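Dear colleague,

I am handing over the structure below, and after it you will find a short account of what was found in it. Please read the two side by side.

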Amino acid sequence: MKVENQTIKSKKSEFFEKFKKINDFLRSKKKKLKDKKFHLESIKTINSIYKDEKCDLFTHVQIETISKCNGRCSFCPVSAKIDPRNLEYMKEELFFKILSELKQINFKGVLSFFGNNEALLDKRIIDWIEKARDMLPETVFGLYTNGTPLNLKKFLRLTNVLDELVINNYNDAAKLHSNVEEIKKHVDNSNSKYDNVILRYRLENQIMNTRSGNSPTALNIKINATCTYPFHQINILPNGNISLCCNDAYGDKIMGNIKENTLINIWNNVEYKKLRNEIYSSRQNIDFCKSCDEMDNNDDYHYKNSLIEKKKNETKKIDADMSK
Ligand code: SF4
Ligand code: SF4
């Protein structure tokens, strides 16, 4: 298990956070300085997957089976304090329809079983992931959780079927929740390395990305760069709607509905084509994206690809061992 501490703020940033206006100004300047370089790197990625107005198959599918989170992170548009969405569950039939389609197209990308939610609040999810593993043995399975609904039994079941389990432990004093502490003790005393687990110490109160303007701590920053997400990521909400990206927390920009169509047809539909052509030169061409300062999407594309490569090599090794 890899442990990452993301709770340490520098003295400088602590000082400036006390003075909101100066802090906002400095953050905005920093983002703007990164803007051009990020744009050029992202265009390189997009050109490698988008040719003649046609986009390669998505490499990342995100499925949200429940529309709620129990977390109270100050920067998050779906924190339990402010989430305007109704509680909604994905129907079992719909979940397995999606899996059947992924199986049919032999999908070997990344399949995440969470969206803007705490996926483990859905009591069905572990059973479903286990069934999904039988259907899609070569797909990369991932789940991010805030850790609060976990216990050792669930942890063991999940680590058995997931390629990546990320536990984001949100606490401003950098303390683990007692259940996560128990899991960490188990890992520390175990012979298994749990290489597929990342435990992150995270802050509950901090300033993060604007999340397309929906973050309660969002700054008014205008980024001119493109965004790679519409070229490699597809997001499915509990009611089957396909939302624009993982930052479309409330499902405001809908590209189609999986109940009425296939993922492939939606991915290649007129709305997506129009949007990709518009966002290519600048996100300022799309009303929904104008207030979004997200600049991790290109790194995320490359990170997901590294997980896909790793899985390919593991599958090859298993096949080779079996043919001996
Ligand atoms: S950041 Fe994650 S844990 Fe925190 S409120 Fe949002 S979805 Fe929940
Ligand atoms: S610019 Fe922001 S809102 Fe628009 S697609 Fe990218 S991440 Fe999503």
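Strand 1 and strand 8 (residues 197–202) pair in the parallel sense over 4 bridges, where strands are DSSP runs of E of at least two residues, helices are runs of H or I of at least four, both numbered from the N terminus, and two strands pair if DSSP finds at least two bridges between them. Within this pairing, V3 stands opposite L199 of strand 8.

The model is a predicted one, in which local features need pLDDT of at least 70 and side-chain atom pairs count only at pLDDT 80 or more, while totals for chains, interfaces and linings use all residues. Residues are numbered from 1 along each chain as its sequence is written, and chains are lettered from A and ligands numbered from 1 in the order in which they are written.

The open sheet is formed by 9 strands in the order 1-8-7-6-5-4-9-10-11, with mixed pairing. Its edge strands, each paired on one side only, are strand 1 (2–5) and strand 11 (254–257).

Turning to helix 3 (residues 92–104), F95, L99 and L102 are buried there, that is, each has 20 or more other C-beta atoms within 10 Å of its own, against 12 or fewer for an exposed residue, with C-beta atoms placed from the backbone. These three lie on the same side of helix 3, because they cover an arc of only 60 degrees around the axis, taken from the directions from the helix axis to the C-beta atoms. The face turned away from the buried side carries the exposed residues E93, S100 and Q104. Just after helix 3, N106 takes a positive phi of about 55 degrees.

With best regards
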